[in-house]
Amino acid sequence: MTYFSDVRALARKDLLLELRAKDTLPAMLLFVVATFVVFHFSLPEHSSRLAASGLLWVAIIFTALLGLGRAFVPEREQRVLDGLVLAPCDRSAIWLAKAIATFAFLVAAEVVALPVFSLFFHGLRGATIAAVLLADVGICAVGTFLGAMAVATRARDLLLPLLFLPLAIPIVVGGVGAGVVENPGKYLAFLGLYDAMFALLCWASFEYVVTE
Amino acid sequence: MPVDRQYRVPLPALAVASLICITVSLVIVFFVAPNDAVLGFSQKIFYFHVSIAFTAYACFAVGAWKAFRLLWKRDPRADLESYVAVHQGVIFGVLVLITGSIWAKYSWGHWWVWSEDELVLFLVLFLFYCAYFMLRFSVDAGPQRENFSAVYALFGVVLVPVSFLAIRLAKPFLHPEIFTRHGANLGGWMLVAYLVTQPSVLLLAYTLYRVELSGKRLDLRLRELRLA
């Protein structure tokens, strides 16, 4: 089998699993909408549009964390990861497939979340939507990688946000910047750069996370 | 058990050398270098602030380099060396935050200013490397812990330039007015003071690194002997 058919098979497995068990996506949807409602009450009357734009990114990061925390749970509970590592495929395919599946969940959650946001707060610019998509790539690339490390530790769910949030700060800067300035090109390019650099690093070093 | 490399410089000599160097730089900074014309006495913290910041970067770079060697060459000593370098980097990073906030207090009247790129970057790095310790201490000692620590330390090398760029990019919408630093034009004794302080702090960091490393190795060997 070629590399990409391995990736396709693994990603398909995750999507099918979600389609049948419905473990993650409903939780992410409920969480992101509940977060918006909490934000409504935490923003005082007449607070600026800009504040709401910033909070959108908080909601996205935390919703993504919810999904990423679940990403490797089936592998851990059924000890699938041992089998996958033994399988004659490149180890980075495991990461790529999981990142693609997580990306699909996150985009699916945002397809609902962004309209809800514009209904509750204010309309979104095209640049913001582009920034969200670019940010999702980075979030899923880095988050999946860190998620694979976190499930193998004693602290598990506790560790992922600690590992992930310092790395997510540049994503928030790029995303908020693209949403609020006149010329968002620079910020979108920055998000693209972030995605490329970290995706390459994760792809190259995933082997060390699952093997000893 | 990895065999100790035979270092040419023994630890006591290193300790004495760093004591002398730090004393000399303190003397030059406080008694020889003139006060800054605009900023006065408070500018003197800059010699240390900048030297310590550079040293912290150097420690993180060494930590990442050793991590890379561990993954690449499977060098058995590299794991501990990488960890100790990162540990020293975090200690110096905390000193950067402390000296930086003293400087902020005297210049702008606040203990924390978000407009100082260097300070914000060190705050991000501090959070990042604290997570490194959390990760390291929640995995049992062994090849898996070595791999996890090494990979995460390598993330740090990418995070430093990316965060630096991000903090710069955040300026237009977070802090439209930019404070300018006056300390850039160093001349005469001021330059000498910096050029003496910088290697002294680096030497101090190297000494501390060697002390911690030999302590950790001794600890490891004792534990192995007890188990044997």
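1. Is helix 8 of chain A mostly covered or mostly uncovered? The helix is mostly covered, since 17 of its 22 residues are buried. This holds for a predicted model, and the points below should be read with that in mind.

2. The length of helix 8 of chain A can be checked against expectation. The helix runs over residues 159-180. At 1.5 Å a residue, its 22 residues should span 32 Å, and the C-alpha atoms at its two ends are 32 Å apart, so the two values agree. The helix nevertheless contains a kink of about 40° at Leu165(A). The proline Pro166(A) comes shortly after this kink.

3. Chain A as a whole has nine helices and zero strands. Along the sequence its pattern reads α-α-α-α-α-α-α-α-α. Its radius of gyration is 18 Å, close to the 17 Å given by the globule rule for 212 residues, so chain A is as compact as a globular protein of that length. Taken along the principal axes, its C-alpha atoms fill a box of roughly 60 × 35 × 30 Å.

4. The interior of chain A may be described by burial and by contacts. Of its 212 residues, 45% count as buried. Among the contacts in chain A with a separation of 6 or more, 82% are accounted for by residues 24 or more positions apart.

5. Chain B is likewise described by its helices: there are six, with zero strands. The pattern along its sequence is α-α-α-α-α-α. Its C-alpha atoms fill a box of roughly 65 × 45 × 25 Å along the principal axes. Of the 228 residues of chain B, 37% count as buried. For contacts in chain B between residues at least 6 apart in sequence, 77% join residues at least 24 apart.

6. Where in chain B does Ala37(B) lie? Ala37(B) belongs to the loop between helix 1 (11-32) and helix 2 (45-73) of chain B. Ala37(B) is exposed because 8 other C-beta atoms lie within 10 Å, and a residue counts as exposed when that number is 12 or fewer. Ala37(B) and Lys73(B) are 36 residues apart in sequence, while their C-alpha atoms are 53 Å apart in space.

7. The two chains touch each other. How many residues does each chain bring to the contact? Chain A contributes 28 residues and chain B contributes 26 residues. On the side of chain B that touches chain A, helix 4 (117-137) and helix 5 (143-174) of chain B each supply at least two residues. The largest share of that side, 17 residues, comes from helix 5 of chain B. By residue type, the side of chain B that touches chain A divides into 22 nonpolar, four polar and no charged residues.

8. Finally, the confidence of the prediction deserves comment. The model scores ipTM 0.89 and pTM 0.89. Chain B averages a pLDDT of 87, and 91% of its residues score at least 70. Within chain B, confidence is highest in helix 2, at a mean of 93, and lowest in helix 5, at 89. Helix 5 of chain B is also the element that gives the largest share of the side touching chain A.

Key
Residues numbered from 1 in each chain as written. Chains lettered and ligands numbered in written order. Predicted model: local features only at pLDDT ≥ 70, side-chain atom pairs only at ≥ 80, totals over all residues. Contact = placed C-beta atoms within 7 Å. Helix = DSSP H or I, 4+ residues; strand = E, 2+ residues; numbered from the N terminus. Nonpolar A, V, L, I, M, F, W, Y, C, P; charged D, E, K, R; others polar. Buried ≥ 20, exposed ≤ 12 C-beta atoms within 10 Å, placed from the backbone. pLDDT = per-residue confidence, 0-100. Rg over C-alpha atoms; globule rule 2.2 N^0.38 Å. Expected span 1.5 Å × (residues − 1). Bend = angle between axes of the 7 residues up to and from the residue.
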